[in-house]
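Please walk me through this model in the viewer. Tell me what to select at each stop and what is there.

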Amino acid sequence: MKIGIFAFQGAFAEHARAFAELGVQTTEIRRREHFHQSFDGVVLPGGESTVQGKLMREENLLEPLRRAVQEGLPAFGTCAGLILLAKKISNDGNAYLGTMDITVKRNAYGRQIGSFRSELEVKEIGNFPAVFIRAPYIESAGKDVKILAEYGGKAVAARQAHMLVTAFHPELTDDLRIHAYFTELARGRI
C-alpha cells in the first residue's frame, strides 16, 4: 500500500510519520510528475487552502487530482485539505477540487491565536484528542455525507464514500486511529 501526501506546506511530515508507524508507505507529491505514481490514497494536509490551491493550479495538479478522486481515489483532507475537497466555501468565492458534497466555512474558529485542543467523540473511532488550528467547520452536508464528529454543534469530521475529512489535525497527536481508519478506507475494508 502507498499513500501520496501533498507536500506544499503544512504537517505533511507528521502525516508520513503516522502512516509509517502503521507500516504504510508514503511518498510526497510536489509536482505533477510525482502524481503519476500509483497510489492507494492521497492526503491533503493542513496549511493555507488558498496557497495550496494556487500551487496545485501552477503545477497542473488540480484537474488530475479532481478526476482521480471523482473516479474513486481515496482522499483524506485535514483542515485546509477539508476546504480543498469541499464543493462550496461559504466565506470564500473559490472552490478547488469540489469533490465532497459539503459547504465549509474557512477560519471558522478565528485566527491562529484562537487555536485549541478538545476531546471529541468520533463515530467509528471513539474519544479522540483533536487539535484545531485556524480550523474550518462544515456548515452543511449532502445526504450521502456521514458526519463523524461535532464540536460546539458544528460538524468537524465527515466521510463521503472514499473521502474522509477532519477540521482538526490528527497528525499532531500520537493517536493513530484516524490514520488507521483512512488506511482501512483506502484498502476498501470500510
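The tour goes from the whole chain to one helix and the residue after it.

**Whole chain.** Start with everything shown as a cartoon. This is a predicted model. Colour by secondary structure: the chain has six helices and 12 strands. Its radius of gyration is 15 Å, close to the 16 Å from the globule rule for 190 residues, so the chain is as compact as a globular protein of that length. Now align the view to the principal axes. The C-alpha atoms fill a box of roughly 40 × 35 × 35 Å.

**Contacts.** Keep the whole chain selected. Take the contacts between residues at least 6 apart in sequence: 64% of them join residues at least 24 apart.

**Surface and charge.** Switch on the surface. About 8200 Å² is accessible, and carbon and sulfur atoms account for 45% of that. Of the 190 residues, 54% are buried. Next, show the charged side chains. There are 24 positive and 22 negative ones, and the centres of the two sets are 4 Å apart.

**Helix 6.** Hide the surface and select residues 177–186, which form helix 6. Which residues of helix 6 are buried? Show Ile178, His179, Tyr181, Phe182, Thr183, Leu185 and Ala186 as sticks; these are the buried ones. Seven of the 10 residues are buried, so helix 6 is largely enclosed by the rest of the structure.

**After the helix.** Last stop: select glycine 188, which follows helix 6. Check its backbone torsions. The phi of glycine 188 is positive, near 80°.

How values were computed
Residues are numbered from 1 along each chain as its sequence is written. This is a predicted model: local features need pLDDT of at least 70, side-chain atom pairs count only at pLDDT 80 or more; totals for chains, interfaces and linings use all residues. Side-chain values use heavy atoms; hydrogens and water are left out. Buried means under 20% relative accessible area, exposed over 50%, partly exposed in between (1.4 Å probe, protein chains only). Helices (H or I, at least four residues) and strands (E, at least two) are DSSP runs, numbered from the N terminus. The radius of gyration is taken over C-alpha atoms; the globule rule is 2.2 Å times the number of residues to the power 0.38. Contact means heavy atoms within 4.5 Å. Accessible areas come from the Shrake-Rupley method with a 1.4 Å probe; for residues, only the protein chains shown count as cover. Lys and Arg count as positive and Asp and Glu as negative; His and the chain ends are not counted. The place of a charge is taken as NZ of Lys, CZ of Arg, CG of Asp or CD of Glu.
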